[in-house]
Amino acid sequence: MDERSERFAKACFSRYYKSTNISINHAEKREFGFGNFEKKIIFRHISFKDNDHLLRYIREHAPPFISYSPSLYKFPDARPMERKVWEGSELVFDIDSNDLELSCQKGHGRSWVCDNCQSAVKAETLKLIEEFLIPDFGFSKDEIRVNFSGNRGYHIHVTAKNISDLGSDQRKEISDYISGRDISIREMFPTIGKRSARLEGPKPNDPGWGGRIASGMIIALNSGIPALRSLGMGKREAELMYGNRTNVILGITNGNWDKVSIPKKEEFWTGVVNTMTIKQSDSIDGNVTSSVYHLLRMPNTLHGDTALLSRPISSIHRLGEFEPMRHAVVFKKGEEEVELIRDAPALYMNGMTFGPYKSGAKPIIPTYAALYLILKRYARSA
Ligand SMILES: [Zn+2]
């Protein structure tokens with residue numbers, strides 16, 4: 001980023017932190033990490049005596065990225081990690097739209113985030129909570145907290161008491177389950193490889209993934225062709241299945257999955273199962289669920305790639321109506337002239353649409369939109 005843009009962004013961040021109180025529980029037991037506008041974490045293993053000292057540091061430096069450990073430690077600044085003496089951690093899931101392989105990303109690239117990206121990642125987050133955490137693991141809504149990450153994802157924290165002591169292996173098991181990593185199609189459909197044998201499969205009341213797949217299929221069959229297509233079925237297969245749905249549903253209820261003949265069964269059912277799993281971040285962010293050493297964006301801090309707030313959402317009910325590009329917007333005062341350094345798609349923010357812009361355009365736009373385009377490297381301070 002050029003110096004002038006960086007100075008502008010830095011001044012905005014500094015102003016924000018000077019006028020806001022932020023706090024985190026157990027501040028003295030957490031590890032913190034800080035980044036600049038180029039890199040999310042340039043140093044970590046930082047600890048503070050208490051929340052006041054943390055706040056003082058944030059106000060003095062206004063770091064573009066502020067990360068904290070969901071884990072609590074006896075000595076949060078000790079290194080290497082083993083010497084910190086781990087004292088427990090919430091269970092955390094990280095859902096990011098870049099991991100969802102959305103078709104819109106082919107058009108706008110991976111750094112841009114459109115409405116479709118935002119609604120897809122929210123749907124995935126709700127799916128994790130409503131189809132896995134609550135029914136399969138028995139967590140209650142009060143034991144689940146959701147934070148918008150500040151860019152294109154959500155962090156889901158399970159705060160249930162018995163969770164805190166779970167070790168890495170157990171966390172990995174939970175993560176593997178919801179990602180469907182341990183599903184074996186051949187175990188679930190024992191006759192799948194055998195020619196001319198009837199395809200035996202799970203029933204809706206089976207526990208775990210078997211029941212989930214059987215009842216998911218029945219729900220889709222009852223909903224119609226688009227629901228079947230969204231499970232990854234081709235047009236022809238979906239139409240065939242739907243046309244014969246009474247028979248197919250009856251079959252699945254009895255564990256007989258052979259009511260419609262499908263070529264390449266193993267490939268086909270693997271594809272269907274894949275659409276039912278949760279896609280977790282495992283690229284840049286590492287495996288947040290199983291790695292207790294991972295740092296996350298601190299709630300109520302600014303995201304250095306967007307200037308949006310990493311906002312806690314008060315309840316799961318509220319998540320449905322949460323709009324990041326409206327509810328996580330700060331810097332609503334003032335305007336700024338920017339110069340586009342590349343073509344930018346239309347930007348929808350705070351109920352208004354800005355652009356699309358051609359490279360070289362010099363619009364005067366609200367501070368939040370200027371910061372967004374600058375930090376995403378689409379524009380610079382003019
Ligand atoms: Zn998109």
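## Worked exercises: sheets, a helix and domains

Let's start with a small sheet: strands E14, E11 and E15 form an open sheet of 3 strands in that order, with antiparallel pairing. Strands here are DSSP runs (E, at least two residues) and helices are DSSP runs too (H or I, at least four residues), numbered from the N terminus. Two strands pair if DSSP finds at least two bridges between them. You're looking at a predicted model, where local features need pLDDT of at least 70, side-chain atom pairs count only at pLDDT 80 or more, and totals for chains, interfaces and linings use all residues. Residues are numbered from 1 along each chain as its sequence is written.

**Exercise 1.** Which are the edge strands of the sheet E14-E11-E15?

*Solution.*
- Step 1: look for strands that pair on one side only; these are E14 (364-366) and E15 (379-381).
- Step 2: check a pairing. Strand E11 (residues 335-340) runs antiparallel to E15, and they share 3 bridges.
- Step 3: pick out a partner. Val338 has Ser381 in E15 as its bridge partner.

**Exercise 2.** In what order do the 4 strands of the other open sheet stand?

*Solution.*
- Step 1: read the order, E6-E8-E7-E10, with antiparallel pairing. The edge strands are E6 and E10 (312-313), each pairing on one side only.
- Step 2: zoom in on E6 and E8 (residues 153-158), which pair in the antiparallel sense over 6 bridges. Here Ile95 stands opposite Tyr154 in E8.
- Step 3: add the helix. H4 packs on the sheet and touches E6, E7 (144-148) and E8, and its direction makes about 20° with that of E8. For such angles, axes are lines fitted to C-alpha atoms, for helices over the stretch in contact, and angles run from 0 to 180 degrees between N-to-C directions.

**Exercise 3.** Why do the buried residues of H5 lie on the same side of the helix?

*Solution.*
- Step 1: find H5, residues 168-179. This helix has 12 residues and reaches 16 Å from its first C-alpha to its last, close to the 16 Å expected at 1.5 Å a residue. (The expected span is 1.5 Å times one less than the number of residues.)
- Step 2: list the buried residues of H5: Arg171, Ile174, Ser175 and Ile178. They cover an arc of only 95° around the axis, so they sit on the same side of H5. "Buried" means that 20 or more other C-beta atoms lie within 10 Å of a residue's own (exposed is 12 or fewer, partly exposed in between), with C-beta atoms placed from the backbone. The arc is that of the directions from the helix axis to the C-beta atoms.
- Step 3: see what they pack against, namely strand E6 (91-96) and helix H4 (115-133). Contact means that two C-beta atoms, placed from the backbone, lie within 7 Å.
- Step 4: step past the end of H5, where Gly180 follows with a positive phi, near 70°.

**Exercise 4.** Which strands does E1 pair with?

*Solution.*
- Step 1: E1 (residues 32-35) is joined to E2 (residues 43-46) by 2 bridges, and they run antiparallel. Phe32 has Ile46 in E2 as its bridge partner.
- Step 2: E1 also pairs with E3 (residues 65-68), antiparallel, over 4 bridges. Gly33 stands opposite Ser67 in E3.

**Exercise 5.** How is the protein divided into domains?

*Solution.*
- Step 1: the bounds, from an automatic or database domain assignment, give domain 1 (3-177 + 281-327), domain 2 (185-276) and domain 3 (335-381).
- Step 2: the centres of domain 1 and domain 2, taken over C-alpha atoms, are separated by 37 Å.
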